[in-house]
Amino acid sequence: MAFLNSIISSAGKILGMPKRIGEEEFKAQRRAARDPVTRSGVCYVPMEGFESTRHYEDKQNLHHLGRYEWAVRVLGELPTRGTVLDCASGSGYGSHKLAEAFQRVEAVDHFAEAVEMGRERYDDPKINWHCLNVAKLRSVFADESFDAIVCMQTIEFVEGDHAFLDDLQALLKPDGVLLIDTPIRKHRVEKPKNPHHKRYYGVDEWLDMLQSRFEISAFQALPQAHFLEKCQMPSQGSIVFCKKS
């Protein structure tokens, strides 16, 4: 099997095909990692140099990388792409992708080691890195600062979820766009097994929370919904396109 994999890898290089990374190879490199971000398991860390869905077939990598690839596709069509907030930027791979579409990216995360990893791996003149709790965004950024906000797998960590959504709404410019995602369950779950998460929402509660503040699109009404299907997203109800009216 190892010999066969070597032949396939060599053929891929000759033909200019992307390297394919299996789930077990990805898990093995995570187990072997010595940096505090990967070892903590708090945020997703892709294999360095392989930050694209074209390298993977397993759901974990497709879901994490696919969310940001989808965001770049959707936000790249906005008429104004001045400044975007990457809210809870983690290890920084998503901020680097967003820099392809925006003049400036404000990358915010409270995990200092993750912010440092972003600076080391994915720095770009367009990106400003901030070590900051997302509950304190408005202590740093003025209202109506952003053309877009990307907030993936974040609100479930936040104690004051309704105040957090109010802050995101205030930080957006008129007609600004919020792309937001969270784990969804059939019914609300208090105190999930993940000790870092505060709650999980049922889909109706989740959509109602957002619809009370924004114009929203979900499920098949999402822009580029076919790309999310390609990334095997289990419930597109977890991902919502929000526009500030």
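# Notebook: salt bridges, cores, a small sheet and cysteines

**Entry 1. Glu205 and its partner**

I began at Glu205, which is partly exposed, with a relative accessible area of 27%. I note at once that the model is predicted. I then asked which residue forms a salt bridge with Glu205. The partner is Arg188, and the closest N and O atoms of the two are 2.5 Å apart. I located both ends: Arg188 is in the loop between β6 (184-185) and β7, while Glu205 belongs to helix α8 (residues 203-211), so the salt bridge ties together parts that lie 17 residues apart in sequence. Arg188 also counts as partly exposed, at 36% relative accessibility.

**Entry 2. Other salt bridges**

I next asked how many salt bridges a search of the whole structure finds. The search returns 16. As background, I recall that side chains of opposite charge can pair when their charged atoms come close.

I looked up the pair Lys198 and Glu159, whose side chains meet in a salt bridge at 3.6 Å, N to O. Lys198 sits in the loop between β7 (189-190) and β8 (199-202), and Glu159 in the loop between β4 (146-152) and α7 (161-171), so this pair ties together parts 39 residues apart in sequence. I checked the accessibility of each: Lys198 is partly exposed, with a relative accessible area of 33%, whereas Glu159 is exposed, at 61%.

I then turned to Arg138 and Asp143, whose side chains meet in a salt bridge at 3.0 Å, N to O. Arg138 has a relative accessible area of 41% and is partly exposed. Asp143 is likewise partly exposed, with a value of 40%. I also recorded that Arg138 and Asp143 are linked with Asp167 in a network of salt bridges.

**Entry 3. The sheet beside α8**

I returned to the region around Glu205 and asked what the strand order is in the open sheet of three strands. The order is β6-β8-β7, and the pairing is mixed. β6 and β7 are the edge strands, each pairing on one side only.

I examined the two pairings in turn. β7 and β8 run antiparallel and are joined by two bridges. Within this pairing, Val189 has Tyr200 in β8 as its bridge partner. Helix α8 packs on the sheet, where it touches β6 and β8, and its direction makes about 90° with that of β8. β6 and β8, by contrast, pair in the parallel sense, again over two bridges. Here I found Arg185 opposite Gly202 in β8.

**Entry 4. Nonpolar cores**

I noted beforehand that, in soluble globular proteins, nonpolar side chains tend to be buried together. I then asked which of the 39 residues in the largest nonpolar core touch the most other members. They are Trp70, Leu75, Val84, Leu98, Val150 and Leu179. Helix α4 (residues 59-75) gives the largest share of this core, with eight residues.

I took Val84 for a closer look and listed its contacts, leaving out residues up to four places away in sequence. Among them are Leu75, Leu98, Phe102, Val105, Phe146, Ala148, Ile149 and Val150. The contacts of Val84 also include Arg104 and Glu106. I further recorded a second, separate core of 29 residues, which includes Phe164, Tyr201, Trp206 and Ala218.

**Entry 5. Cysteines**

I asked how many disulfides the count comes to. The count is zero. I then asked why Cys43 has no bond to Cys131. The sulfur of Cys131 is the closest cysteine sulfur to that of Cys43, but the distance is 12 Å, which is too far for a bond. Cys43 counts as buried, at 15% relative accessibility. Cys131 is in no disulfide either, and its nearest cysteine sulfur is that of Cys43, 12 Å away. I noted that Cys131 counts as partly exposed, at 48% relative accessibility.

**Entry 6. Ser245**

Last, I asked where Ser245 lies. The residue is in the segment after β10 (239-243). I asked whether Ser245 counts as buried or exposed. At 67% relative accessibility, Ser245 counts as exposed, because exposed means over 50%. I also looked up its separation from Gln169: the two residues are 76 residues apart along the chain, and their C-alpha atoms are separated by 9.8 Å.

Conventions. Residues are numbered from 1 along each chain as its sequence is written. This is a predicted model: local features need pLDDT of at least 70, side-chain atom pairs count only at pLDDT 80 or more; totals for chains, interfaces and linings use all residues. Side-chain values use heavy atoms; hydrogens and water are left out. A salt bridge is a side-chain nitrogen of Lys or Arg within 4 Å of a carboxyl oxygen of Asp or Glu. Buried means under 20% relative accessible area, exposed over 50%, partly exposed in between (1.4 Å probe, protein chains only). Helices (H or I, at least four residues) and strands (E, at least two) are DSSP runs, numbered from the N terminus. A nonpolar core is a set of buried Ala, Val, Leu, Ile, Met, Phe, Trp, Tyr and Cys residues joined through side-chain atoms within 4.5 Å. Contact means heavy atoms within 4.5 Å. Two strands pair if DSSP finds at least two bridges between them. Axes are lines fitted to C-alpha atoms, for helices over the stretch in contact, and angles run from 0 to 180 degrees between N-to-C directions. A disulfide is a pair of cysteine sulfur atoms within 2.5 Å.
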